Amino acid sequence: MDPILTLVQLALLGFSLVGVTAAEPGLFLPHLLKIGLGLLATLAFAFLIPPGPLLRHALGLHLGVMVLLGLVLLVGEGPGGVRRWLDLGPLQLQPSELAKVSLVLYLASFVGRKGTDYPIVGPFLILGFTAGLVLLEPDFATALFLFALALAVLLVIGLPWRRLFSIVLSSIILALALGGSYLERFRYVAERFTAFLGFWQGRADASGEAYQVVQAQKALLAAGPFGHGPGAGLIHLPEAHNDMVFASVVYATGWLGGGMVLLLYGLLFLRGLQVALRLRGAESVLATGLTLYLTGQAAINIGVTLGFLPVTGVPLPLLSYGGSSLLVAGAALGMLSALARRGEGRRAWS
């Protein structure tokens with residue numbers, strides 16, 4: 001195991017246990033079990049499932065995840081009539097979480113085989129279908145994150161600007177053509193953006209759509225430098241154990257604890273990019289994508305909690321209460337550890 005990545009993971013999982021317990025004391029044991037499953041996933045992908053076979057079969061793996069996304073639309077479950085996960089008895093699997101890693105694997109495999117200056121119609125269509133299936137759940141934020149993650153990976157690895165421009169232009173045209181009917185059917189998306197704009201303009205209804213963000217900021221301000229401890233009663237905050245878990249962590253551990261969480265994600269970002277720079281081809285792209293997935297999603301979640309971004313519902317990797325999120329994030333860190341070993345071996349022979 002990579003010592004830096006292991007330190008980051010264990011520390012963030014410790015903060016996760018504190019934050020979830022502060023929000024919902026009754027979730028301590030279930031969350032501890034999910035943390036254990038996430039650690040098992042890390043060990044499996046670090047030592048038993050090497051990145052090579054995953055990259056070779058990346059297209060098939062991602063197509064399998066797309067089948068699961070389609071299955072969710074037929075028999076999936078979720079709050080308020082939405083369809084987000086598959087009920088597998090003791091486990092509720094959320095395929096959109098799997099899609100974040102399988103998409104990165106597919107892009108890494110494609111670029112590793114074809115290079116950067118190659119027509120990317122196939123990846124663009126697969127990205128579009130994947131995001132489209134997630135949109136229909138409906139999960140606008142995750143679909144947008146998948147699209148942004150793919151663009152970020154392609155941008156960082158040096159895809160020519162003309163190809164990036166064509167992807168963005170095509171997406172904008174498609175969004176303009178279908179956006180009106182989508183927003184009409186799923187009005188919660190527009191309502192969240194409206195509430196966000198109202199919040200920033202100082203005219204948001206604190207008892208309406210902006211309630212969650214207002215309560216999160218109250219928790220952050222009330223935390224103080226050292227917090228109130230995990231046993232203190234958290235103010236009423238919807239989804240405090242999941243989407244708003246950063247506010248719970250800060251309330252329990254203080255601004256000092258919140259700063260440490262930010263530092264840990266920063267360390268993860270730097271170590272992930274260092275691993276990517278020591279590799280070549282598909283493995284380098286994979287390390288880059290996994291790093292951007294974990295830290296990019298963390299930045300979005302924390303930005304929402306601080307009120308800088310509209311409410312998305314995107315979980316905080318390694319901190320939020322959610323089996324699929326912890327499992328996939330653990331698998332991603334396991335892959336990064338395996339890639340780090342390969343990078344160290346390559347440097348030793350160079």
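Colleague: How much of the chain is buried?
Modeller: Of its 350 residues, 51% are buried. Buried means under 20% relative accessible area, exposed means over 50%, and partly exposed lies in between (1.4 Å probe, protein chains only). The model is predicted: local features need pLDDT of at least 70, side-chain atom pairs count only at pLDDT 80 or more, and totals for chains, interfaces and linings use all residues. Residues are numbered from 1 along each chain as its sequence is written, and side-chain values use heavy atoms, leaving out hydrogens and water.

Colleague: Why is Ile-49 called partly exposed?
Modeller: Its relative accessible area is 31%. That value falls between 20% and 50%, so Ile-49 is partly exposed. Ile-49 sits in the loop between α2 (28–48) and α3 (51–56). Helices here are DSSP runs of H or I, at least four residues, and strands are E runs of at least two, numbered from the N terminus.

Colleague: What makes Ile-49 part of a nonpolar patch on the surface?
Modeller: A patch takes residues with over 30% relative accessible area and no salt bridge; nonpolar side chains are joined within 5 Å, like charges within 9 Å. A salt bridge would be a Lys or Arg side-chain nitrogen within 4 Å of an Asp or Glu carboxyl oxygen. At 31%, Ile-49 passes the area cut-off. The other members are Met-1, Leu-33, Leu-37, Leu-40, Leu-43, Phe-47 and Leu-48. Together the patch has about 770 Å² of accessible area, by the Shrake-Rupley method.

Colleague: How do you know that the length of α7 agrees with its 17 residues?
Modeller: The expected span is 1.5 Å times one less than the number of residues. For α7 (residues 140–156) that gives 24 Å, and the end C-alpha atoms are 24 Å apart, so the two agree. Its buried residues include Phe-145, Leu-149 and Val-153. Just after α7, Gly-158 takes a positive phi of about 95 degrees.

Colleague: What makes α12 mostly covered?
Modeller: Of its 26 residues, 21 are buried. Helix α12 (residues 281–306) reaches 37 Å between its first and last C-alpha atoms, close to the expected 38 Å. Gly-307 follows just after α12, with a positive phi of about 90 degrees.

Colleague: Which secondary structure fills residues 32–50?
Modeller: That span is 89% helix and 0% strand, and its end C-alpha atoms lie 27 Å apart. Residues 32–50 are one of the ranges annotated "transmembrane region" in an unreviewed UniProt entry; such annotations may be inferred rather than shown by experiment. Residues 57–75, also listed there, are 95% helix and 0% strand.

Notes
Areas by Shrake-Rupley, 256 points an atom, 1.4 Å probe, with all protein chains shown as cover.
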